Amino acid sequence: MTNEEAKEIIKNEGLQRFNWYSDHPLRENEVGISGNNNNWEVYVTDERASVVQGSITVFDNESDALENFIKRLRTEKILFQ
């Protein structure tokens, strides 16, 4: 998955509660993705806007990280409707 594909899914499915490559300070109950050229992390935050340590998954390629990010966003959408 590419950045463009992920953004299109987010837009088309109305996904919310996310932090796209640290585009804002952490907020409560959101899914985040961050990374560089070597590693990408996908995580969730709790009700205090802290990263849940057991939620961090590290990927060695951006495509897999984006797929996991979208999967978690879809789950968040169900939980917080």
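Hi everyone. Let me start with one residue: Thr 45 counts as buried, at 6% relative accessibility. Please keep in mind throughout that this is a predicted model.

So where does Thr 45 sit? Thr 45 is found in the loop between β3 and β4. That makes it a loop residue that is nevertheless counted as buried, because its 6% falls under the 20% cut-off. What does its side chain reach? The side chain of Thr 45 comes to 2.6 Å from the backbone oxygen of Arg 27. If we leave out residues up to four places away in sequence, Thr 45 touches Leu 26, Arg 27, Glu 28, Asn 29 and Glu 30, and also Ser 50, Val 51 and Val 52. Arg 27, then, appears both as a neighbour in that list and as the residue whose backbone oxygen is reached.

From that loop, let's move to the sheet. Four strands form an open sheet, and they come in the order β1-β2-β3-β4 with mixed pairing. The edges are β1 and β4, the latter being residues 57-59, and each of these pairs on one side only. From one strand to the next, the twist averages 20 degrees.

Now let's walk across it. β1 and β2 pair in the parallel sense, over three bridges. Phe 18 has Val 31 as its bridge partner in β2, and Asn 19 stands opposite Gly 32, also in β2.

Next come β2 and β3, which run antiparallel and are joined by five bridges. A hairpin of four residues connects the two strands. Two of the partnerships here are easy to find on your screens: Gly 35 has Trp 40 as its bridge partner in β3, while Gly 32 has Tyr 43. Gly 32 is a nice residue to click on, since it stands opposite Asn 19 and is also partnered with Tyr 43 in β3.

Finally, β3 and β4 run antiparallel too, with three bridges joining them. In β4, the bridge partner of Glu 41 is Val 58.

How enclosed are the strands in the middle of that order? In β2, which covers residues 31-35, four of the five residues are buried, so the strand is largely enclosed by the rest of the structure. For β3, four of the five residues are buried as well, so that strand is also largely enclosed by the rest of the structure.

Let's go back to Phe 18, because there is a second story there. How many aromatic pairs does a search of the whole structure find? The search finds three. One of them is formed by Phe 18 and Phe 69, and it is edge-to-face, with 6.3 Å from centre to centre and 90 degrees between the planes. This pair links distant parts of the chain: Phe 18 is in strand β1, residues 18-20, and Phe 69 is in helix α2, residues 62-79, which puts them 51 residues apart.

Are the two partners buried or exposed? Phe 69 is buried, with a relative accessible area of 0%. Phe 18 is partly exposed, because its relative accessible area of 24% lies between the 20% and 50% cut-offs. Ring pairs also bring in Trp 20 and Tyr 21, so that Phe 18, Trp 20, Tyr 21 and Phe 69 are linked into a cluster.

Last stop: helix α1, residues 3-13. Which of its residues are buried? Ala 6, Ile 9 and Ile 10 are. They cover an arc of only 100 degrees around the axis, which puts them on the same side of α1. On the face turned away from that buried side, you will find the exposed residues Glu 4, Lys 11 and Asn 12. After α1 comes Gly 14, with a positive phi near 65 degrees.

One more residue in this helix deserves a look. Glu 5 lies in α1 and is partly exposed, at 43% relative accessible area. A polar atom of the Glu 5 side chain lies 2.8 Å from the backbone nitrogen of Thr 2. There is a long-range neighbour as well: the C-alpha atoms of Glu 5 and Leu 66 are separated by 9.2 Å, although the two residues are 61 apart along the chain.

That's my tour. Thanks for listening!

Terms used
Residues numbered from 1 in each chain as written. Predicted model: local features only at pLDDT ≥ 70, side-chain atom pairs only at ≥ 80, totals over all residues. Heavy atoms only, no water. Buried < 20%, exposed > 50% of the residue type's maximum accessible area, 1.4 Å probe, protein only. Arc of directions from axis to C-beta. Phe/Tyr/Trp six-rings, centres within 6.5 Å; stacked < 30°, edge-to-face > 60°. Pairing = 2+ DSSP bridges. Axes fitted to C-alpha atoms, helices over the stretch in contact; angles between N-to-C directions. Polar contact = N/O pair within 3.5 Å; in protein donor to acceptor, adjacent residues only side chain to side chain. Contact = heavy atoms within 4.5 Å.
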